[in-house]
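The following exercises ask the reader to work from overall dimensions to single residues. Each task is followed by a solution in steps.

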Amino acid sequence: MDLHSGTPFWPRRDGILATHPPLDRDISCDVAVVGGGITGSLVALELARRGLEVVVVERRDTGGGSTSASTSMLQYEIDELLVDLIDVMGREDAELAYQECGRGIDLVEAATQRVGHNCGFRRSPSVFMAPRPSDVDTLRREFEARQQAGFEVRWHDRDSLAERWGLVGDAAIESAAGASVDPYQLGAFALARVLALGGRVFDRTEVVAYEHRPRRSVLTTNRDATITCKHTVIATGYEVATLLPELPLAIHSSFALVSEPILDLDARYPDGLLFWDHDDPYLYGRTTDDLRLLIGGRDETYRDPKRRERAMPSKTRALARSVPKRFPAIGEIEVAFDWAGTFAETPDGLAYIGGHSQHPRTHFALGFGGNGITYSALAADYISHAVEHGDYPDAARLFALERPVVRPS
């Protein structure tokens with residue numbers, strides 16, 4: 001699957017941070033992690049930290065898939081509103097799902113500390129806007145639900161939103177809990193730490209067959225080398241359909257751009273800013289640690305690479321035009337890089353993390369949705385617990401692959 005088009009920002013800014021050889025011989029390990037993006041990297045880091053012998057294989061170059069195209073906004077909010085999740089899951093589970101995503105931000109920060117590099121991690125407020133007067137009542141109910149769930153939130157009307165953030169909207173929820181990170185750096189430094197802890201990482205190595213034996217699994221690669229392991233972690237993201245074709249999932253394309261540096265951006269937002277609006281498809285964005293504005297949205301349901309590439313110029317123009325409308329004080333921006341990436345939605349907005357009845361000794365880490373990196377950190381926590389102790393933490397049931405499908409209205 002062609003996971004992105006255009007020029008994703010992170011690899012262009014950071015350059016090639018690491019290269020790894022392909023696998024050319026049969027090996028064995030405790031855990032084989034299939035997928036070397038940010039999800040597989042975080043899972044491998046946590047497993048190696050707990051003393052397990054880990055092997056990571058990536059069919060491309062590590063970090064070269066969806067990780068490169070991520071806008072890497074770290075939020076406790078998921079794609080479905082808390083009030084809508086309460087309607088279909090009940091208050092206790094819906095609040096727990098949001099609270100776990102908030103904990104995921106802490107886990108990402110802990111990962112940066114473990115790799116010994118900040119990786120652009122910065123805690124920033126998050127602003128969720130009502131783009132139309134008709135959305136204000138919905139946002140007010142959401143604000144009250146988040147207050148009841150224990151989140152630190154503040155209500156803005158049109159005037160206070162403009163005064164506090166320079167944003168145009170009819171109302172907004174400001175959340176204290178938010179963050180951002182450079183996912184390409186974090187993935188690279190996480191794998192470097194895995195290597196330092198005795199793990200092994202192989203690029204340009206695709207697993208083409210899985211054989212589950214009574215006490216071991218054998219993974220065969222496209223290079224005729226095998227990996228014998230006690231546990232397998234599948235962190236292949238949107239390409240998981242080959243293993244789980246019936247998994248409820250919708251694949252889309254999202255578009256993004258990053259501006260040239262805006263000199264007074266740090267003065268306007270010294271702690272940074274994350275923002276998104278209650279629209280469909282929604283507009284979202286963040287500031288970067290090098291004074292740029294990153295904007296995304298204009299999602300489409302198609303995933304054909306050629307069609308996506310043809311759409312990019314008009315999508316980029318539309319995203320750029322949205323900046324002076326939302327940020328009149330910033331005005332027009334100069335686009336430095338633009339790209340499009342594949343992303344997936346689940347019916348309830350929650351990730352798929354855990355085991356599956358048809359795949360013994362296999363753990364899936366599929367951080368689908370708008371805050372995939374937060375889900376990746378949770379997957380690392382849940383799966384390492386399951387490998388070490390034989391069962392998943394209670395909260396992991398919310399993200400189980402074979403949970404009943406619920407679709408908020």
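A residue is called buried under 20% relative accessible area, exposed over 50%, and partly exposed in between (1.4 Å probe, protein chains only). The model is predicted, so local features need pLDDT of at least 70 and side-chain atom pairs pLDDT 80 or more, while totals for chains, interfaces and linings use all residues. Residues are numbered from 1 along each chain as its sequence is written, and side-chain values use heavy atoms, with hydrogens and water left out.

**Exercise 1. Overall form**

Determine whether the radius of gyration agrees or disagrees with that of a compact globule.

Solution.
- The radius is taken over C-alpha atoms, and the globule rule is 2.2 Å times the number of residues to the power 0.38.
- For 409 residues, the rule gives a value near 22 Å; the protein has 21 Å, and therefore the two agree.
- The C-alpha trace spans about 65 × 45 × 40 Å along its principal axes.
- Of the 409 residues, 58% are buried.
- Contact means heavy atoms within 4.5 Å. Among contacts with a separation of 6 or more, 76% join residues 24 or more positions apart.

**Exercise 2. The surroundings of L74**

Place L74 in the secondary structure and state which residues it touches.

Solution.
- Helices (H or I, at least four residues) and strands (E, at least two) are DSSP runs, numbered from the N terminus. The protein has 11 helices and 20 strands.
- L74 belongs to strand 4, residues 73–75.
- L74 counts as buried because its relative accessibility is 0%.
- Residues up to four places away in sequence being set aside, L74 touches I105, V108, F121, G178, A179, S180, V181, L274, I373 and T374.
- N371 is 297 residues from L74 along the chain, yet their C-alpha atoms are separated by 6.1 Å.

**Exercise 3. Two residues with positive phi**

Compare S72 and R204: is each buried or partly exposed?

Solution.
- Most residues other than glycine have a negative phi.
- S72 is not a glycine but has a positive phi of about 50°; R204, also not a glycine, has a positive phi of about 50°.
- S72 sits in the loop between helix 3 (66–69) and strand 4, and at 3% relative accessibility it is buried.
- R204 sits in the loop between strand 10 (200–202) and strand 11 (207–212), and with a relative accessible area of 33% it is partly exposed.

**Exercise 4. Helix 4 and helix 10**

Identify what the buried residues of helix 4 pack against, and state whether T316 in helix 10 is buried or exposed.

Solution.
- In helix 4 (residues 82–89), the buried residues include L82, V83, D84, L85 and I86.
- The buried residues of helix 4 pack against helix 5 (91–115) and helix 6 (136–148).
- Just after helix 4, G90 has a positive phi of about 90°.
- T316 lies in helix 10 (residues 305–326) and is buried, with 11% relative accessibility.
- Beyond its neighbours within four places in sequence, T316 is in contact with L257, V335 and D338.
- S314 is also in helix 10, but S314 is partly exposed at 36% relative accessible area.
- The C-alpha atoms of S314 and R204 are 34 Å apart, with the two positions 110 residues apart in sequence numbering.
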